[in-house]
Structures are given as C-alpha cells and as structure tokens.
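These are my notebook entries on one protein structure. I set down what I looked up, element by element.

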Amino acid sequence: TVIGEAIINYEFQRIEEDGVTFRPKTFKPDKYNQNVASTLAKWKADWKKEMILNTKTLLNGDTKFDIEKLNEAEIRYGVIASGAKLLADGKTLEYLRDNIPQEKGIIAAEMEGSGFSPACDEYGIKWMVFRGISDYGEKDKNQVKNKKYQKVAVVSAITSMIFYLKKLYRTPEERGEVELKF
C-alpha cells in the first residue's frame, strides 16, 4: 500500500518541437497526513496483524486467497503520480520519475487521485489517498503473477485506511493516549 504524501497530476504538459515539458499540479492532503510519516514505523506490525484479521471480512470468505501473501505486503508513504492513462508499458512510471523530479521521488502511479484530490480541495473536503499496488505499470499487468497480488493490494489498502482512521486520524485524547484532566 502507498499512502499519498502528495498527488502529482502529470497530465498537464506543454508539447513543443523538441519534446514534452511537464507542468504537473501537486495536491497535498490535510494536516492529519503528517501523523503518518512520523508514526508509520511504529504501527507496521499492528497493521500486519489487523490485515490478517480483516481478510475474511474483506474477501467474503474467498477460499482461493493465499493468506501467506499478506506477509509480502508493505506499506509506504510517498508521492503518487496520477493521470488519466492506465500505465501498462513498463516504461512510463520510470519516465515520470525521471521527468517530474520530486524531493523524495514518485513511488507509485494511479488514475483516480488526479480527479479526486482537486475535487476535494475545491469543495474544502479533507482527503487522503490509500493505494493498493499490485503491479508497477508493466506489460504483464493481467498475467497470473500480478493477478494473485490484486487481492493482497485490496486488503492492504482497506486495512491501511481503517487503521489510519482508528489510530492516527484522531487527537491523542481520542486515541486514549493522554489522560484527560478536569
């Protein structure tokens, strides 16, 4: 799972004689997103346990799911490139990384965030993006080796969102970490 530190809409470009010049637009989630970077290492072990517990519910008892695949799941926090195109050529993600320099670099690409984040910003809605990643824009997107990770990606992203809402998207008092004094 990738939790979006920022969404970079890469579709804004200028096409010139000598090539494409990117003019990306960056969207950043609200202040609660800052909690993720500082506490991610602390909650990774709990996140894995919760993911295993959520599997039966999230997959409706799918008996073909290999629960051991969840041990391969990772959670990262970083910049997500987003646009209207489905990446399946094995080169575009690397091209975006090289041509849209970011301080920490682009770590994933997807399609929905480029519409979701500006719409939320326009209407003043707090937002975050949790992406389950099962492939990296390769040509073999629909082959069995990538398909087996799609369910892991789904469970991982949903668990990350649930875990975030329960553990991080609240004040310390709401999480029970601070003794309230009256």
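**Entry 1. Glu-16 and its partner**

I began with Glu-16, in a model that is predicted. Glu-16 has a relative accessible area of 32% and is therefore partly exposed. I then looked for its charged partner and found Arg-14: the two side chains form a salt bridge, with 2.9 Å from N to O. Arg-14 is also listed as partly exposed, at a relative accessible area of 46%.

I reminded myself of the principle: side chains of opposite charge can pair when their charged atoms come close.

**Entry 2. Other salt bridges**

I asked how many salt bridges the structure holds. The count is five.

I looked up Glu-11 next. Its side chain meets that of Lys-85 in a salt bridge of 2.6 Å, N to O. This pair links distant parts of the chain, 74 residues apart. Glu-11 belongs to the loop between β1 and β2 (13-16), and Lys-85 to the loop between β5 and α2 (92-99). For accessibility I noted 24% for Glu-11, which counts as partly exposed, and 47% for Lys-85, also partly exposed.

I then turned to Glu-112, whose side chain forms a salt bridge with that of Arg-131 at 2.9 Å, N to O. Glu-112 sits in the loop between β6 and α3 while Arg-131 sits in strand β7, so the pair ties together parts 19 residues apart in sequence. Glu-112 is partly exposed at 46% relative accessibility, and Arg-131 is partly exposed at 23%. I also recorded that a network of salt bridges links Glu-110, Glu-112 and Arg-131.

**Entry 3. Strand β1**

I asked how many of the residues of β1 are buried. Eight of the eight are, so β1 is largely enclosed by the rest of the structure.

I went through its pairings in turn. With β5, β1 runs parallel, and seven bridges join the two strands. Within this pairing, Ile-8 stands opposite Ala-81 of β5. With β4, β1 runs antiparallel, joined by three bridges; here Ile-8 stands opposite Thr-26 of β4. I noted that Ile-8 thus appears in both pairings, facing Ala-81 in β5 and Thr-26 in β4.

β1 also pairs with strand β7 (residues 130-131), in the antiparallel sense and over two bridges. Val-2 stands opposite Arg-131 in β7. I had already met Arg-131 as the salt-bridge partner of Glu-112.

**Entry 4. Helix α3**

I asked which residues of helix α3 (residues 113-122) are buried. They are Gly-113, Ser-114, Ser-117 and Cys-120. These residues cover an arc of only 150° around the axis, which puts them on the same side of α3. The general rule for a helix helped me to read this: an α-helix has 3.6 residues a turn, so residues three or four places apart point the same way.

I then looked up what this buried side meets. The buried residues of α3 pack against β1 (2-9), β4 (25-27), β5 (76-82) and β6 (106-110). After the helix comes Gly-124, with a positive phi near 70°.

**Entry 5. Ser-114**

I took Ser-114 of helix α3 as a single case. Its relative accessible area is 15%; residues under 20% count as buried, so Ser-114 is buried. Its side chain reaches the backbone oxygen of Met-111 at 3.1 Å. Not counting residues up to four places away in sequence, Ser-114 touches Ile-7, Asn-9, Ser-82, Gly-83 and Ala-84.

**Entry 6. Ala-73**

I finished with a loop residue. Where is Ala-73 found? Ala-73 is in the loop between α1 (34-58) and β5. I next asked whether Ala-73 is buried or exposed. The relative accessible area of Ala-73 is 10%, so this residue is buried.

I then listed its contacts. Leaving aside neighbours within four places in sequence, Ala-73 is in contact with Trp-47, Lys-48, Met-51, Val-152 and Ser-156. I also looked up its separation from Tyr-149, which is 76 residues away along the chain. The C-alpha atoms of Ala-73 and Tyr-149 are separated by 9.1 Å.

Notes: Residues numbered from 1 in each chain as written. Predicted model: local features only at pLDDT ≥ 70, side-chain atom pairs only at ≥ 80, totals over all residues. Heavy atoms only, no water. Buried < 20%, exposed > 50% of the residue type's maximum accessible area, 1.4 Å probe, protein only. Helix = DSSP H or I, 4+ residues; strand = E, 2+ residues; numbered from the N terminus. Arc of directions from axis to C-beta. Contact = heavy atoms within 4.5 Å. Polar contact = N/O pair within 3.5 Å; in protein donor to acceptor, adjacent residues only side chain to side chain. Pairing = 2+ DSSP bridges. Salt bridge = Lys/Arg side-chain N within 4 Å of Asp/Glu carboxyl O.
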